[in-house]
Amino acid sequence: MQQMQRRGFLQWLTGLLGAAVCSVVGLPGVKYLLESLGRGRRTARVVQRVARLADLTPGRPLLVAVTARKQDAWTEYAQHVVGRVWLVKSGGDGGVQAFTAVCPHLGCTIQAGADGKTFVCPCHRAAFDAQGRRLPSSATGQENHAPRDMDALACRVVQDEQTGEAWVEVTLEQFVPGLRHKVARG
Ligand code: FES
């Protein structure tokens, strides 16, 4: 009887020690996972100055990177690329449009077309005109897999407080690929 009680006590003690060890070992991992998820949410929408207005040539799209601070378990990156954006300056009023470089078909990175004015996706040859509008198959002679136009981003020209230079500021967002309509990722 006494032996059974002792065995029960030892099992209880072993369980208690096991739980304590799991807490010590597991909690930092859970904390890191939650922090990573939180960081992922924070970089989903980034407002950033990405180019001087003077760097843009009318009718010549310019691909720029949007960066953000990122930290993994051991390393901190001050300039981690979180997205790429096409900027298009119009020849008329000099206004600037911004489009995410993420293809609305399946998410590959959209490139400039051979003419340097339009856009193509290298993965399945989706094609867009100079304003990011989806080109019909009749214009390219091949099926356009993009379900919608390139995704436009909020964009404005701001004055630098110190230098007075004009900069293009964009708001980078992520959108759900494969849909006919533009839907922001939650
Ligand atoms: S991912 Fe761009 S065309 Fe398919």
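**Strands, a hairpin and one arginine**

Modeller: Along the sequence, the protein chain reads α-β-β-β-β-β-β-β-α-β-β. This is a predicted model.

Colleague: How many helices and how many strands are there in the protein chain?

Modeller: The protein chain has two helices and nine strands.

Colleague: What makes arginine 125 partly exposed?

Modeller: Arginine 125 has 14 C-beta neighbours inside 10 Å. A buried residue needs 20 or more, and an exposed one has 12 or fewer. The value for arginine 125 lies in between, so arginine 125 counts as partly exposed.

Colleague: Where is arginine 125 found, and what is its phi?

Modeller: Arginine 125 sits in the loop between β6 (119-120) and β7 (127-128). Its phi is positive, about 65 degrees, although arginine 125 is not a glycine. Most residues other than glycine have a negative phi.

Colleague: How do you know that β6 and β7 pair?

Modeller: Pairing requires at least two bridges between the strands. β6 and β7 have two bridges, in the antiparallel sense, so by that cut-off they count as paired. Within this pair, phenylalanine 119 stands opposite phenylalanine 128 in β7.

Colleague: In what order do the strands of the open sheet with β6 lie?

Modeller: The order is β5-β6-β7, three strands with antiparallel pairing.

Colleague: Why are β5 and β7 said to stand at the edges?

Modeller: β5 (111-112) and β7 each have a single partner strand, so one side of each is left without a neighbour in the sheet.

Colleague: What makes β9 a partner of β1?

Modeller: Strand β1 (residues 46-52) and strand β9 (residues 166-172) are joined by six bridges and run antiparallel. The cut-off is at least two bridges, so β1 and β9 count as paired. One of the matches is valine 46, whose bridge partner in β9 is leucine 172.

Colleague: How do you know that β8 pairs with β9?

Modeller: Strand β8 (residues 152-159) shares six bridges with β9, in the antiparallel sense. Set against the cut-off of at least two, that is a pair. Here valine 158 stands opposite tryptophan 167 in β9.

Colleague: What lies between β8 and β9?

Modeller: Six residues lie between β8 and β9, which form a hairpin. In the turn, glycine 164 has a positive phi of about 80 degrees.

Colleague: What share of the protein chain is buried?

Modeller: Of the 186 residues in the protein chain, 18% are buried. As for contacts with a separation of 6 or more, 46% are between residues 24 or more positions apart.

Notes: Residues are numbered from 1 along each chain as its sequence is written. This is a predicted model: local features need pLDDT of at least 70, side-chain atom pairs count only at pLDDT 80 or more; totals for chains, interfaces and linings use all residues. Helices (H or I, at least four residues) and strands (E, at least two) are DSSP runs, numbered from the N terminus. Two residues are in contact if their C-beta atoms, placed from the backbone, lie within 7 Å.
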